[in-house]
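Biologist: I have a predicted model open and I'd like a close look at a single part of it. Could you pick one residue, tell me what surrounds it, and then walk me outward from there?

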Amino acid sequence: MNFVSTRRAGAPVRFEDAILAGTAQDGGLYVPERLPDDTLSALTGTECIAQTARILLQPFVEGGPLAPALDALCDEAFDFDAPLVTPDPARPGLVALELFHGPTGAFKDFGARFLIACLSRLADQDGPRTVLAATSGDTGGAVGSATQGRAGVRAIILFPKGRVSAFQRHQLTCWDAPVSALEVEGDFDACQALVKAAFADAGLAARHRLTSANSINLARLLPQGAHLARACAQVRSRTGIAPGLIIPTGNLGHGVAALYARAMGASIGPVILATNANAALADWAATGTYRPRPSVATLANAMDVGAANNFERLAALPGLSGSVSVERVEDDAIRARIISDYIASGYVWCPHSATGAEAYARLGAAERNARPWIVAATAHPYKFADIVEPLIGRAIAPPPALEAVLSRPSRAILAQADLPALTRHLASLEEPVLS
Ligand SMILES: *Cc1c(COP(=O)(O)O)cnc(C)c1O
């Protein structure tokens, strides 16, 4: 299977080339030449996530260097579960897909672990590849956790000084070699600009074999269809009906993965993309025109996106109109949903997952009764304890994986928000370790 640019210029490339390149040369995003339409229709829900991922990814890697390693890659990357739970026995039609039982407590673990496993597997004689991950939230931790102890790849996490919570800072700075964390004197945009500047410096990019880990990378995006397809197959086998899927959405990686999986035959009914107050996607659904804009800060900060990375992929999907809808959920409604569902059932949503729970509550009775609905619970509420605890009036206990993070030592290197500082850091990684 080859991948072509959404802008249709340039030659088709293989999966491996697409994930190493990031964006296509014409500035577009790589998309599968076609979606193999019957790949996922035979899922029964008894498959584990690793098995489902193998089935989903096999046609994409076929014929390339990763194909013989696919089984091992999936076993390595998807070695934790994503349980389905019924948050409120009084509303049995609402099912939460808990995607936060991985090492860093958010669904980013799925994509990051597969991407890093692929990069490590593609190691060659020419030295390690270096992943630059600008982050204000869940991506950096997931990439750090996935990279530590790996050969053939290393990761540099860049995060804005003073703009992440104490727990987030810890989770970005606690990973062992070959991971390092730069605490940048600037905001998130400055971190992202720094990464862009590094890629734009062709000499630097080539010398350090720079790669990016953001959600446009297909090795992050595609496997996310596996946990969604598997959850829908489970609900389908229990109820006989393909469930609707509600996905808290920012850069649209998870949402596009869901739509790909549905096109590949997964038992996924209607898809609702739940956003926070950032309105570009909801306005697109209402008017047909996508107008990117500066992002606004919300309680669901991993979804604070004014111009979704993956919008071009969404727009390139055939037969899109009517097959996906968008629900925009403001901060007040996020707060109210966390409180009311906690009072009703004791279940605690993180602010991102709460946008999905609110989108479910806003469905008309007919839609709610027509089928079961799965809300993707994208992060553990403990990660956002500073927001959630005051709303529910009690402390949230960390799950074991996050408790383990807290017990690790933290190390960060303070850096100016300029390319020379990043260049110096990259050069320091080249120096032989003295012992
Ligand atoms: C990244 C993230 C999202 C949004 O996912 P996209 O693929 O960017 O749409 C939602 N919730 C949480 C907790 C996240 O970390």
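Modeller: Happily! Let's begin at H380. Setting aside its neighbours within four places in sequence, this histidine is in contact with F100, G105, C350, I396, A397, P399 and L402. H380 sits in the loop between strand 12 and helix 17. Is H380 buried or exposed? Its relative accessibility is 11%, so H380 counts as buried. Please keep in mind that this is a predicted model.

One of the contacts of H380 is C350, so let's step across to that cysteine next. C350 counts as buried too, because its relative accessibility is 1%. When you see a cysteine, you may wonder about disulfides. The count of disulfides here comes to zero. C350 is in no disulfide, and the nearest cysteine sulfur, that of C232, is 19 Å away. C174 tells a similar story: the closest cysteine sulfur to its own is in C191, at 18 Å, which is too far for a bond. C174 also counts as buried, at 1% relative accessibility.

Now back to the loop where we began. The loop between strand 12 (373–377) and helix 17 (385–392) also holds K383. The side chain of K383 meets that of D138 in a salt bridge, with 2.8 Å from N to O. Side chains of opposite charge can pair when their charged atoms come close. D138 belongs to helix 5 (residues 138–147), so this pair ties together parts that are 245 residues apart in sequence. Where do the two partners sit, buried or exposed? Both K383 and D138 are buried.

That pair has company, since a search of the whole structure finds 23 salt bridges. One of them joins R7 and E312, whose closest N and O atoms are 2.5 Å apart. R7 is in the loop between strand 1 (3–5) and helix 1 (15–21), while E312 is in helix 13 (residues 311–316), so far along the chain that 305 residues separate them. With a relative accessibility of 46%, R7 counts as partly exposed. E312 is partly exposed as well, with a relative accessible area of 27%.

Another salt bridge connects R209 with D124, and here the closest N and O atoms are 2.7 Å apart. R209 lies in the loop between helix 8 (202–208) and strand 8 (210–212), and D124 in the loop between helix 4 (108–121) and strand 5 (129–134), so this pair ties together parts that are 85 residues apart in sequence. The two partners fall on opposite sides of a cut-off: buried means under 20% relative accessible area. R209 counts as buried at 16% relative accessibility, whereas D124 counts as partly exposed at 35%. Salt bridges can also join up into a network, as they do among D88, R91, E327, R337, D341, E358 and R362.

The loops around R209 and D124 lead us to strand 8 and strand 5, and both of these strands belong to an open sheet. What is the order of its five strands? The order is 8-5-6-7-13, with parallel pairing. Strand 8 and strand 13 (413–416) are the edge strands, each pairing on one side only. On average, neighbouring strands of this sheet are turned by 30° against each other, direction ignored. Strands of a sheet pair through backbone hydrogen bonds, either parallel or antiparallel. Strand 5 and strand 6 (residues 153–160) pair in the parallel sense over six bridges. Within this sheet, A134 stands opposite L158 in strand 6.

Helices lie against the sheet as well. Helix 4 packs on it, touching strand 5, strand 6 and strand 8, and the direction of helix 4 makes about 140° with that of strand 6. Helix 7 (residues 188–200) lies across strand 5, strand 6, strand 7 (179–185), strand 8 and strand 13, running at about 155° to strand 5.

Finally, let's zoom out to the whole chain. The protein chain has 19 helices and 13 strands. Its C-alpha trace spans about 65 × 50 × 40 Å along the principal axes. For 435 residues, a compact globule would have a radius of gyration near 22 Å, and the 21 Å of this chain agrees with that. Buried residues, like the H380 we started from, make up 56% of the 435 residues. Of the contacts in the chain with a separation of 6 or more, 74% come from residues 24 or more positions apart.

Notes
Residues numbered from 1 in each chain as written. Predicted model: local features only at pLDDT ≥ 70, side-chain atom pairs only at ≥ 80, totals over all residues. Heavy atoms only, no water. Disulfide = S-S within 2.5 Å. Buried < 20%, exposed > 50% of the residue type's maximum accessible area, 1.4 Å probe, protein only. Salt bridge = Lys/Arg side-chain N within 4 Å of Asp/Glu carboxyl O. Helix = DSSP H or I, 4+ residues; strand = E, 2+ residues; numbered from the N terminus. Pairing = 2+ DSSP bridges. Axes fitted to C-alpha atoms, helices over the stretch in contact; angles between N-to-C directions. Contact = heavy atoms within 4.5 Å. Rg over C-alpha atoms; globule rule 2.2 N^0.38 Å.
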